[in-house]
Amino acid sequence: MSERLFIFDTTLRDGEQVPGCQLNTIEKIQVAKQLETLGVDVIEAGFPVSSPGDFQSVIEISKAVTWPTICALTRAKEKDIDIAVEALRFAKHKRIHTGIGTSEAHIRYKFHSNPDEIVERAVAAVKYARRFVDEVEFYAEDAGRTDNAYLARVVAAVINAGASVVNIPDTTGYCLPEEYGAKIKYLMENVPNIDRAIISTHCHNDLGMATANTMAGVMQGARQVEVTINGIGERAGNTSLEEIAMIVKCHKHLGLETNLNTKQIYPSSRLVSSLMNMPVQPNKAVVGRNAFAHSSGIHQDGVLKNTATYEIIDPHDVGMEDSAIVLTARSGRAALKNRLKTLGVEPTQEKLDKIYEDFLKLADKKKDINNDDILVLAGAERTENQRIKLAFLQVTSGVGVQSVASLGLNIAGEHFEACASGNGPIDAAIGALRKIIDRHMELKEFTIQAISKGSDDMGKVHMQVEYNGHVYYGFGANTDIIAASVEAYIDCINKFKS
Ligand code: KIV
Ligand code: ZN
């Protein structure tokens with residue numbers, strides 16, 4: 001039987017502390033609803049005493065969200081707690097997250113106090129909050145740099161005072177994973193009433209160790225993790241929700257489960273990134289643009305044979321499309337052949353070698369090789385083998401006159417001609433073509449693009465035609481956009497299976 005790991009999301013509180021990333025209440029509600037869909041257990045909705053905006057957001061999120069617990073942050077002060085209670089009044093399930101700094105630096109420089117007085121203030125805050133809500137979480141700020149024996153004393157005292165969750169933040173992101181794990185282990189072994197509370201991790205990423213520290217804590221018995229979408233948060237950020245979710249999913253032997261619907265990870269990441277105007281770094285684990293993109297020839301060859309060779313996560317599991325084989329100068333023939341196949345081109349080995357040679361020359365000059373480039377490279381080879389070829393095309397069109405096209409096709413060596421008028425030159429040309437090839441086909445998509453900016457340059461046409469229950473993709477490239485359109489249509493027809 002797996003043990004439950006509770007997900008406490010603080011995107012809307014610690015995450016929102018990022019300069020320039022503030023959200024308005026409507027945007028916060030959007031994020032909160034997405035977090036609910038994602039399946040987080042607790043949403044830390046804000047720090048109500050900090051501003052009227054935060055206060056209002058906690059109220060509105062409490063109204064909008066149904067099953068996750070809504071949590072509000074406070075300092076260990078009655079005034080903060082009163083305001084949090086007020087902000088949480090509409091929450092169906094509510095929690096107050098109160099706390100105080102416990103490290104020597106915090107006690108001495110921030111509070112000008114002493115360890116005994118800090119324990120008293122912590123206990124008083126928890127007791128006061130428990131007068132209003134059943135669930136109180138206590139945070140020992142800067143626990144990462146707090147002496148373990150003193151921390152154990154604080155934790156035991158706040159559990160006795162009524163805290164059911166105790167958060168052990170590595171506020172400055174200082175700890176090594178081994179050290180943070182040992183801290184949680186120490187608490188699990190030395191706090192006599194630890195069985196009456198859940199220990200929570202809250203790690204910052206100043207030294208890039210937030211996820212490792214969180215996992216170290218979990219492996220020593222912490223059963224709640226405080227995380228944010230895309231790892232956003234103060235300074236270098238917090239532990240990423242998506243990383244923890246996928247670690248737990250990939251490492252089943254840990255015997256842990258969450259309530260998350262991991263397919264909602266990518267949509268959540270996109271939403272937070274776009275609302276906060278905070279781009280996700282391309283190599284970000286799990287949700288970065290390149291997280292499932294394979295670019296080296298060796299990897300591409302392996303992934304095409306079996307994704308298990310280089311992928312530990314199925315991109316669909318996090319709500320992404322298939323993994324991407326990115327064609328670059330380092331790609332091999334296997335990747336090129338695969339891409340050509342998906343575009344409906346299956347050259348012989350000899351022709352593939354020729355296309356590959358041209359591809360490498362182009363890849364040296366152009367960073368991003370797209371499907372159009374590939375089709376243009378394969379184009380000469382393709383038309384040679386096509387059963388249906390455009391023999392000639394003449395179109396008359398202009399302003400105030402009807403467009404008329406006459407067109408000749410070569411079909412398996414036989415010549416056919418037809419004329420048609422239409423609503424514009426392309427319509428007329430396709431009308432003439434359809435007079436020769438009289439099948440029930442439906443144009444589903446038609447896109448025209450210029451390859452570059454010059455008026456004498458190639459135009460590209462992409463088409464999708466439905467025939468006999470299948471959709472066929474066609475492409476044409478020509479300096480004459482009408483000819484490119486007819487070529488794209490013919491390209492589709494040449495791929496018809498019957
Ligand atoms: O990093 C931290 O210590 C915090 C607490 C307020 C929970 O964010
Ligand atoms: Zn924090």
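Mentor: A pocket is an open set of points on a 1 Å grid over the protein atoms alone, where a 1.4 Å probe fits and protein lies on both sides within 12 Å along at least five of seven lines. This is a predicted model, in which local features need pLDDT of at least 70 and side-chain atom pairs count only at pLDDT 80 or more, while totals for chains, interfaces and linings use all residues. Residues are numbered from 1 along each chain as written, chains are lettered from A and ligands numbered from 1 in written order, and side-chain values use heavy atoms, without hydrogens and water.

Trainee: What makes you say that ligand 1 sits in the largest pocket?

Mentor: Ligand 1 is assigned to the largest pocket because more than half of its atoms lie within 2 Å of the grid points, as the term requires.

Trainee: Which residues surround ligand 1, and how do they divide by type?

Mentor: With a heavy atom within 4 Å as the criterion, the shell holds Arg13, Asp14, His97, Tyr139, Glu141, Asn167, Pro169, Thr171, His202 and His204. These divide into two nonpolar, five polar and three charged residues, and strands β6 (135-141) and β7 (165-170) each supply at least two of the shell residues.

Trainee: Why do the approaches of Thr171, His202 and His204 to ligand 1 count as polar contacts?

Mentor: An oxygen atom of ligand 1 lies 2.7 Å from a side-chain N or O atom of Thr171, 3.1 Å from one of His202 and 3.0 Å from one of His204; a pair of N or O atoms within 3.5 Å is a polar contact, so each of these qualifies. The protein also covers 93% of the 260 Å² of accessible area that ligand 1 has on its own.

Trainee: Why is Asp142 called buried or exposed?

Mentor: Asp142, in the loop between β6 and α6 (148-161), has a relative accessible area of 0%, and is therefore buried (buried means under 20%, exposed over 50%, partly exposed in between, with a 1.4 Å probe and protein chains only). Asn277, in the loop between α10 (265-276) and β11 (293-294), reaches 67% and is therefore exposed. Val471, in strand β18 (residues 470-478), has 46% and so counts as partly exposed.

Trainee: What makes the phi of Asp142 and that of Asn277 worth a remark?

Mentor: Most residues other than glycine have a negative phi. Asp142, however, has a positive phi near 65 degrees, and Asn277 has a positive phi of about 55 degrees, although neither is a glycine.

Conventions:
A polar contact is a pair of N or O atoms within 3.5 Å; within protein, one must be able to donate a hydrogen and the other to accept it, and residues adjacent in sequence count only if both atoms are side-chain atoms. Accessible areas come from the Shrake-Rupley method with a 1.4 Å probe; for residues, only the protein chains shown count as cover. On a 1 Å grid over the protein atoms alone, a cavity is a set of points where a 1.4 Å probe fits but cannot get out, and a pocket is an open set with protein on both sides within 12 Å along at least five of seven lines; lining residues have an atom within 4 Å of a point. Helices (H or I, at least four residues) and strands (E, at least two) are DSSP runs, numbered from the N terminus. Ala, Val, Leu, Ile, Met, Phe, Trp, Tyr, Cys and Pro count as nonpolar, Asp, Glu, Lys and Arg as charged, and the others, Gly among them, as polar.
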